[in-house]
Amino acid sequence: MALFAAARRAAASAAPLILRASASASASSGAQRGAALLRPLAAAAARPQPRAMPFSSAPATKPSSDAELLRVIDSEIKYAEECDDHDRVEEIPDNFPFKITDEKGMNAITLKRTYNGEQIEVVAHMPSLVTGDEPDHGQDDEDKGGEGDSPDEDQGEKPPKSSVPLTVTITKGDGPVLEFTCTAYPDEVLIDSLSVVQPSGNDENDLIAYEGPDFNDLDENLQRAFHKYLELRGISPLTTNFLHEYMINKDSREYLLWLRKLKDFFKQ
């Protein structure tokens, strides 16, 4: 009995030691597992974080293509300023019969006058320019000519010349409007078409209006009479010579203005 009691006391005293050792081992194992779990978080916290970029409202760098366009446009503006008569002021002849309305940025000008109770309006559009750089085929034809050439072949077509498209309208009160479409050369005017236009407000008649035959199909006497009709109303060589120079200079001014607008766009 004494031996059993001693053994029981020894077992009782050893149990807390075993429990403490087990608890200590368990705690150590849990700590190791916890440390293993926290190790990636600690590494992530220690890793350097990217620096936040401050917000900026400054525009992005212009593409290289825009910069190249600006360079070419600047060069063209400089060339136009040096070579063209963009700042030339045309001197209007003393006996010029029309009042001129010219708005900047528009591709046409308007001339107006009154003649024997008639209201005459001429709209002159941008010129069709002939620069003289076109190849001369006439000399080649002469070199190829032979004994078989006929007299008619010697009378070749006239060389092209610069021209200004015109639209001439003549009104008498509230009645129909006589409208001419013309091509003005420096010393002459060609009538391309002639029509009688009803006043606005009668759309049904406008849809079925007959505009007349081709002007060149008219009797030659009638063609000459209409040319004289326009000349008496101010569509004369004096007018067309002035318009020719005026519209060429306007074309230069409008081209330079257009280039400057392009530059402003690409500078934005």
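Trainee: Where is the place of serine 195 in this model?

Mentor: Serine 195 sits in strand β6, and I should say at once that we are looking at a predicted model.

Trainee: Is serine 195 buried or exposed?

Mentor: Serine 195 has a relative accessible area of 13%, and because the limit for a buried residue is under 20%, serine 195 counts as buried.

Trainee: Which residues is serine 195 in contact with, leaving aside its neighbours within four places in sequence?

Mentor: With those neighbours set aside, serine 195 is in contact with Val177, Leu178, Glu179 and Glu211.

Trainee: And what does β6 pair with?

Mentor: Strand β6 pairs with strand β5, which covers residues 177-185, in the antiparallel sense and over 9 bridges. To give one position in that pairing, alanine 184 has valine 189 of β6 as its bridge partner.

Trainee: OK, zooming out, in what order do the strands of the sheet come?

Mentor: The sheet is open and is formed by 6 strands in the order β1-β2-β3-β4-β5-β6, with antiparallel pairing. Its edge strands are β1, residues 99-101, and β6, residues 188-197, each of which pairs on one side only. On average, and with direction ignored, neighbouring strands of this sheet are turned by 20° against each other.

Trainee: How do β2 and β3 pair?

Mentor: Strand β2, residues 108-115, and strand β3, residues 118-125, pair in the antiparallel sense over 8 bridges, and within that pairing threonine 110 stands opposite valine 123 in β3. The two strands form a hairpin with 2 residues between them, and in the turn asparagine 116 has a positive phi of about 50°.

Trainee: How many bridges are there between β3 and β4?

Mentor: Strand β3 and strand β4, the latter being residues 164-171, pair over 6 bridges, again in the antiparallel sense. The bridge partner of glutamine 119 there is threonine 171 in β4.

Trainee: Switching to helices, which strands does α6 lie across?

Mentor: Helix α6, residues 220-232, lies across β2, β3, β4, β5 and β6, and runs at about 95° to β6. Helix α7, residues 237-267, lies across β1, β2, β3, β4, β5 and β6, running at about 155° to β2.

Trainee: What span does α6 reach from its first C-alpha to its last?

Mentor: With 13 residues, α6 reaches 19 Å between those two atoms, which is close to the 18 Å expected at 1.5 Å a residue.

Trainee: Which residues of α6 are buried, and where do they pack?

Mentor: Gln223, Phe226 and Leu230 are buried in α6. They cover an arc of only 65° around the axis, so they lie on the same side of α6. The general background is that an α-helix has 3.6 residues a turn, so residues three or four places apart point the same way. The buried residues of α6 pack against β4, β5 and β6.

Trainee: What caps the N-terminal end of α6, and what comes just after the helix?

Mentor: Aspartate 219 caps the N-terminal end, with a side-chain oxygen lying 2.9 Å from the backbone nitrogen of asparagine 221. Just after α6, glycine 234 takes a positive phi of about 105°.

Trainee: Last one: what does the secondary structure of the whole chain come to?

Mentor: The chain has 7 helices and 6 strands, which follow the pattern α-α-β-β-β-α-α-β-β-β-α-α-α along the sequence. Of the 268 residues in the chain, 22% are buried. Among the contacts in the chain with a separation of 6 or more, 61% come from residues 24 or more positions apart.

Key
Residues are numbered from 1 along each chain as its sequence is written. This is a predicted model: local features need pLDDT of at least 70, side-chain atom pairs count only at pLDDT 80 or more; totals for chains, interfaces and linings use all residues. Side-chain values use heavy atoms; hydrogens and water are left out. Two strands pair if DSSP finds at least two bridges between them. Helices (H or I, at least four residues) and strands (E, at least two) are DSSP runs, numbered from the N terminus. Axes are lines fitted to C-alpha atoms, for helices over the stretch in contact, and angles run from 0 to 180 degrees between N-to-C directions. Contact means heavy atoms within 4.5 Å. Buried means under 20% relative accessible area, exposed over 50%, partly exposed in between (1.4 Å probe, protein chains only). The expected span of a helix is 1.5 Å times one less than its number of residues. The arc is that of the directions from the helix axis to the C-beta atoms. A polar contact is a pair of N or O atoms within 3.5 Å; within protein, one must be able to donate a hydrogen and the other to accept it, and residues adjacent in sequence count only if both atoms are side-chain atoms.
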